[in-house]
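Trainee: I'd like to learn how to read the place where two domains meet. Could you walk me through it?

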Amino acid sequence: MQGTVGELGEFGLIRELTARLPMTPAVELGPGDDAAVVKAPDGRVVATTDVLIEGRHFRRDWSTAYDVGRKCAAQNLADIAAMGAVPTALLLGLVAPADLPTTWATELMDGLRDECQVAGATVVGGDVVRGDTITLAITALGDLQGRRPVVRSGAQVGDVVAVTGWLGWSAAGLTVLQRGFRSPRAFVEAHRRPEPPYHAGPAASDLGATAMVDVSDGLVADLGHVARASGVDIDLRAADFDVPAQMADIGQAVGVDPLVWVLSGGEDHAIVATFPKSVGLPARWRQIGEVVRPARAGRGGVVTVDGAPWDRTAGWDHFAEQ
């Protein structure tokens, strides 16, 4: 497809984008009306939203539009899974300059569609607006299917902490890109297109997870939310983390301890949860620590590594100097 979104026009662009979308059994009414209708057999809807801005969350010289679509869908669908729910639907708000090539917008939608299909969801609608900077506002919906939501405030002293999915791969890939390289490809691709373990969220709920969160901002930072919400202290064991040899090689080449990527790097969207010790964890889960004590009065819960404070950056904060 040739031309720009400005030449195609608002409604022409909407037709091009929505024509690429399949529907799933969860969707009673898809794009085309004032709103979509998504079934909620459980009677409850799990909802989450994110905003991504070009130049801050993605760069067109590093990622294709398809990559951006896969990534922004993944980070929202992972939030649904981390509540113990099954993703059902996604909505897109797209702000785009008039001179944006139409192919960029359609490839973005292809990425959104394909990532949704991995999770069992679909795009059901949204909005497009003209603006100076490409901005994506994503809303994802999910169904608990009779499960209780697994929240951040349920961790108990004595619980084990376990993780499933990649840790540090996206951060290592970002470091590679920032230095002008495109390899090792596996790590660059992990940054461009994270692969959250969507199935693991509902499965963890079924296993009896007491608290759960997806690792979007960094493991220490995200577990810090669990510790504070639950009023507990969590200790992680450095020796229990898997640092691939190639990640260690990248770290040596750029002068970074790869454990910093594992503990502080975000955007892998692994899922970390706390479980009672009695739970037999499947092989896909790696035990990495323990809930060790109630939080000290007036301090809030903390996360330590091998019993000591983690004195490096804990993770991403949009309003902090990074």
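Mentor: Happy to. Keep in mind that this is a predicted model. Let's begin with charges: between domain 1 and domain 2 there are 2 salt bridges.

Trainee: Which side chain does Arg193 meet in a salt bridge?

Mentor: That of Asp67, with 2.5 Å from N to O. Looking beyond salt bridges, 6 residue pairs, both at pLDDT 80 or more, are in polar contact between domain 1 and domain 2.

Trainee: Which elements give two or more residues to the side of domain 1 that touches domain 2?

Mentor: Those are α3 (65-81) and α4 (102-119). The largest share comes from α3, with 10 residues. By kind, that side of domain 1 has 12 nonpolar, 3 polar and 6 charged residues.

Trainee: Where does each domain run along the chain?

Mentor: Domain 1 covers 9-143, and domain 2 covers 159-309. Their centres, taken over C-alpha atoms, are 26 Å apart. As for contacts, 21 residues of domain 1 touch 19 residues of domain 2.

Trainee: And how do I read the size of an interface?

Mentor: People often give it as the accessible area lost when the parts come together. Here, about 1,700 Å² is buried between domain 1 and domain 2, and carbon and sulfur atoms give 59% of that.

Trainee: Which residues of domain 1 lose the most area to domain 2?

Mentor: Look at Trp62, Lys71 and Ala82: together they make up 38% of what the domain 1 side buries.

Notes: Residues are numbered from 1 along each chain as its sequence is written. This is a predicted model: local features need pLDDT of at least 70, side-chain atom pairs count only at pLDDT 80 or more; totals for chains, interfaces and linings use all residues. Side-chain values use heavy atoms; hydrogens and water are left out. Domain bounds come from an automatic or database domain assignment. Contact means heavy atoms within 4.5 Å. Buried area is the accessible area (1.4 Å probe) that two parts lose on being put together, summed over both. A salt bridge is a side-chain nitrogen of Lys or Arg within 4 Å of a carboxyl oxygen of Asp or Glu. A polar contact is a pair of N or O atoms within 3.5 Å; within protein, one must be able to donate a hydrogen and the other to accept it, and residues adjacent in sequence count only if both atoms are side-chain atoms. Helices (H or I, at least four residues) and strands (E, at least two) are DSSP runs, numbered from the N terminus. Ala, Val, Leu, Ile, Met, Phe, Trp, Tyr, Cys and Pro count as nonpolar, Asp, Glu, Lys and Arg as charged, and the others, Gly among them, as polar.
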